[in-house]
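Reader: Hi! Could you walk me through this one with me looking at it on screen?

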Amino acid sequence: MSSIEQRVLAIVAEQLRVPSDEVTAESHLLDDLNADSLDVVDLTIAIEEEFSSDDAPIEISEDAAAEMRTVQDIITYLEDHGAA
């Protein structure tokens, strides 16, 4: 499991108030983790804060966030956009 994946799983569990053992990369944010639209916004902000640095900010557009259905979608987005 990559560092990015571990960090995303922890953030998702914390933000959505779900036991960490119930969150996997395959978890669907809405169907499996019962996130609503406000939860997704809060989750997006938390992800941006965790993975941004002064040298490499991570910004997730509303359109990109709307396409993220699973935890793996978030991980893939971060990997594709240079998160470390």
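Author: Happy to. One term up front: a residue is called buried when its relative accessible area is under 20%, exposed when it is over 50%, and partly exposed in between. Also keep in mind that this is a predicted model.

Reader: Good to know. Then which residues of α2 are buried?

Author: In α2 the buried ones are Asp39, Val40, Leu43, Thr44, Ala46, Ile47, Glu48 and Phe51.

Reader: And what covers the buried residues of α2?

Author: The cover includes α1, α3 (62-67) and α4.

Reader: How many residues does α2 have, and how far does it reach?

Author: α2 has 15 residues and spans 21 Å from first C-alpha to last, close to the 21 Å expected at 1.5 Å a residue.

Reader: Thanks. What caps the N-terminal end of α2?

Author: Asp36 does that job, with a side-chain oxygen 3.1 Å from the backbone nitrogen of Leu38.

Reader: Ser37 catches my eye too. Is Ser37 buried or exposed?

Author: Ser37 is part of helix α2, and it counts as exposed because its relative accessibility is 61%. If you want a distance from there, Ser37 and Ile75 are 38 residues apart in sequence and 19 Å apart in space, C-alpha to C-alpha.

Reader: Back to the buried list. Why does Thr44 count as buried?

Author: Thr44 has 13% relative accessibility, so it falls under the 20% limit. Thr44 lies in helix α2 and touches Ile60 and Ala65, leaving aside residues up to four places away in sequence.

Reader: Let's switch helices. What can you tell me about the span of α1?

Author: Helix α1 covers residues 3-16, which makes 14 residues. From its first C-alpha to its last it reaches 20 Å, close to the 20 Å expected at 1.5 Å a residue.

Reader: Which residues are buried in α1?

Author: Ile4, Glu5, Val8, Leu9, Ile11, Val12, Ala13 and Leu16.

Reader: What do the buried residues of α1 pack against?

Author: They pack against α2 (37-51) and α4 (71-80).

Reader: Now charges. How many salt bridges does a search of the whole structure find?

Author: Two. As background, side chains of opposite charge can pair when their charged atoms come close.

Reader: Makes sense. What does Arg7 form a salt bridge with?

Author: Its partner is Glu50, and the closest N and O atoms of the pair are 2.9 Å apart. Arg7 lies in helix α1 and Glu50 in helix α2, so this salt bridge ties together parts that are 43 residues apart in sequence.

Reader: How accessible are Arg7 and Glu50?

Author: Arg7 is partly exposed, at a relative accessible area of 22%. Glu50 is partly exposed as well, at 37%.

Reader: Which side chain does Arg17 meet in a salt bridge?

Author: That of Asp39, at 3.7 Å, N to O. This pair links distant parts of the chain, with Arg17 in the loop between α1 and α2 and Asp39 in helix α2, 22 residues apart.

Reader: And for accessibility, is Arg17 buried or exposed?

Author: Exposed, with 64% relative accessibility. Asp39, on the other hand, is buried, with a relative accessible area of 14%.

Reader: What does Asp39 touch?

Author: Leu16, Arg17 and Asn34, not counting residues up to four places away in sequence.

Reader: Where does Arg17 sit relative to α1, and what is its phi?

Author: Arg17 comes just after α1 and takes a positive phi of about 55°.

Reader: Let's look at the surface. Which residues make the nonpolar surface patch?

Author: Leu38, Val41 and Ile45 make one of about 260 Å². Val41 is in helix α2, and it is partly exposed, with a relative accessible area of 44%.

Reader: Last one. Is Glu49 buried or exposed?

Author: Glu49 is exposed, with a relative accessible area of 62%, and its place is in helix α2. Glu49 and Glu59 are 10 residues apart in sequence, and their C-alpha atoms are 9.1 Å apart in space.

Reader: Great, thanks for the tour!

Terms used. Residues numbered from 1 in each chain as written. Predicted model: local features only at pLDDT ≥ 70, side-chain atom pairs only at ≥ 80, totals over all residues. Heavy atoms only, no water. Helix = DSSP H or I, 4+ residues; strand = E, 2+ residues; numbered from the N terminus. Expected span 1.5 Å × (residues − 1). Buried < 20%, exposed > 50% of the residue type's maximum accessible area, 1.4 Å probe, protein only. Contact = heavy atoms within 4.5 Å. Salt bridge = Lys/Arg side-chain N within 4 Å of Asp/Glu carboxyl O. Patch = residues over 30% accessible without salt bridge, like charges linked within 9 Å, V, L, I, M, F, W, Y side chains within 5 Å. Areas by Shrake-Rupley, 256 points an atom, 1.4 Å probe, with all protein chains shown as cover. Polar contact = N/O pair within 3.5 Å; in protein donor to acceptor, adjacent residues only side chain to side chain.
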